[in-house]
Amino acid sequence: MTELRSDFLNILHERGFVHQCSDLEGLDALCAAGPVTAYVGYDCTGPSLHVGHLLSIMMLRWFQKTGHRPVTLMGGGTTRVGDPSGKDESRRILTLEQIEANKLSLREVFSRFLSYEAAPNAALMTDNAEWLAPLNYIDFLRDVGRHFSVNRMLSFDSVKTRLEREHELSFLEFNYMILQAYDFVELSRRHGVRLQMGGSDQWGNIINGIDLGRRMGTDQLYALTCPLITTASGAKMGKTAQGAMWLKPELLSPYEYWQFWRNSEDGDVGRFLKLFTELSLDDIRRLEALSGQEINEAKKVLATEATALLHGRAAAEQAAETARQAFEEGTAASGLPTIEIGRSELETGIGILAAGVRAGLGASNSELRRAVAGNAIRINDEAVTDDKRLLTSADVNADGVIKLSLGKKKHILLRPTPY
């Protein structure tokens, strides 16, 4: 590969972010010549993003740290349509009020990683509803739609997969790729955007935008995608038995977020340190070289550094200390995730299996029953041997809680409610 001149692409290449680029040499020259503006689009389908979005956010963060201007494009318009990429079902249609509330909530997530404050390269948040909502349908078909070939659109993976699986693809969703391409053109005209970044599943949509820009007379546009991350065992990144790993503390506590990274597979530690922390490559190489039980120290560093980026250094260190107390000292550790349980339930007794499912230690009674059989379930650090064991008021410890544990890594506190 040709030696890269720009700090931005050098960092992304060294740390493993680069999957595809429409013109690596041209983009490198552009980034080396001076500040560039780039964007990533995010639809407003919920109040939080999750770990699966983190790779593109980190790309924007490195982009800003190397002197360029990042744009977070909120899909206030496209959220009303739905991106069919990688999905077998149509997206649930949200109200305008729900979309607006989600947009405001998402800004809080981005603000953890990007600076929107006054600066030469302050990040910009914009909303494609600004130009999509007022569009006249006939004018749009004439001025933009005429540049698209249905034959070519049918060849894209996002469409082809749905059709091959005989899942319905609505005309509304079919138009998504046209709208995303038009976003790129509008952002180029309004804000001088030259680059769109995203996951590799967005490659076809981004290339569409480059082609539309060429036909509609914009400056040369560029595409850069990151790989879709899977774990060493092939699982989808950010998806667990307990659901998505959210990036907002209201949905996932800093401790649970810390634990997610602490539980990374051995084979993922070095790669995740490069992608999801800002540790130097020399420090990462030193941590990568650890083996055996020492790899757990590298996992703790990964967990603390990744958590510090999202939740702040103090919250990350508190999560690490809570874990240390829970695992090394066997204490209740007040920072552990807590759920409330009715005091009246404890008076009559609640089964260990039902309590474990409610606490999120397992997805079903049968799963918890197997865990009991394997001596993996503990109450206040005492192993449970009977899957018919009842939790009662007598199990409330001196801290006023019941500590439930699955193995050595997963703990949750049950706090009785007042009468």
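**Note on the predicted model: sheet, cores and ring contacts**

1. Trp 261 has a relative accessibility of 0% and therefore counts as buried. This remark, like the others below, concerns a predicted model. Trp 261 is also one of the residues that touch the most other members of the largest nonpolar core, which holds 70 residues. The others named in that role are Phe 8, Phe 110, Leu 195, Met 197, Leu 224 and Leu 247. The element that gives the most to this core is helix H3 (residues 54-65), with eight residues.

2. Phe 8 deserves a separate entry. Apart from neighbours within four places in sequence, Phe 8 is in contact with Leu 195, Met 197 and Leu 224, three residues listed with Phe 8 among those touching the most core members. Its contacts also include Cys 31, Met 59, Trp 62, Phe 63, Thr 66 and His 68. A second core, separate from this one, comprises 30 residues, among them Tyr 39, Phe 140, Phe 148 and Met 177.

3. The sheet may be described as follows. Six strands form an open sheet with mixed pairing, in the order S1-S6-S5-S2-S3-S4. Strand S1 (20-21) and strand S4 (124-127) are the edge strands; each has a single partner, so one side of each lacks a neighbour in the sheet. Strand S2 (residues 37-43) pairs with strand S3 (residues 69-75) in the parallel sense, over seven bridges. Within this arrangement, Thr 37 stands opposite Arg 69 in S3.

4. One helix should be read together with the sheet. Helix H4 (residues 96-110) lies across S2, S3 and S4, and runs at about 155° to S3. Arg 107 is also worth inspection: its charged end sits over the ring of Tyr 116, at 4.4 Å from the ring centre.

5. Which aromatic pairs merit description? Rings with centres within 6.5 Å are taken as paired, and the count comes to nine aromatic pairs. Tyr 39 and Phe 184 form an edge-to-face pair, 5.6 Å centre to centre with 65° between the planes. This pair joins distant parts of the chain, since Tyr 39 lies in strand S2 and Phe 184 in helix H10 (residues 176-191), 145 residues apart. Tyr 39 is buried at 1% relative accessibility, and Phe 184 is buried at 0%.

6. The pair of Phe 260 and Trp 261 is likewise edge-to-face, because the ring centres are 5.0 Å apart and the planes stand at 75°. Phe 260 counts as buried at 15% relative accessibility, and Trp 261 does so at 0%. Both rings belong to a cluster linked by ring pairs, which also contains Tyr 257, Phe 272 and Phe 276.

7. Is His 311 buried or exposed? With a relative accessible area of 11%, His 311 is buried; the criterion is a value under 20%. His 311 is placed in helix H15 (residues 295-311). Beyond its neighbours within four places in sequence, His 311 is in contact with Arg 112, Pro 249, Leu 252, Pro 254 and Tyr 257. Tyr 257 is a member of the ring cluster described in the preceding point.

8. Where is Gly 349? Gly 349 is in the loop between helix H17 (343-348) and strand S10 (350-351). Not counting residues up to four places away in sequence, Gly 349 touches Leu 390, Leu 391 and Thr 392. Its C-alpha atom is separated by 20 Å from that of Gly 362, which is 13 residues away along the chain.

How values were computed
Residues numbered from 1 in each chain as written. Predicted model: local features only at pLDDT ≥ 70, side-chain atom pairs only at ≥ 80, totals over all residues. Heavy atoms only, no water. Helix = DSSP H or I, 4+ residues; strand = E, 2+ residues; numbered from the N terminus. Contact = heavy atoms within 4.5 Å. Pairing = 2+ DSSP bridges. Axes fitted to C-alpha atoms, helices over the stretch in contact; angles between N-to-C directions. Phe/Tyr/Trp six-rings, centres within 6.5 Å; stacked < 30°, edge-to-face > 60°. Buried < 20%, exposed > 50% of the residue type's maximum accessible area, 1.4 Å probe, protein only. Lys NZ or Arg CZ within 6 Å of the ring centre and 35° of its normal. Core = buried A, V, L, I, M, F, W, Y, C linked by side-chain atoms within 4.5 Å.
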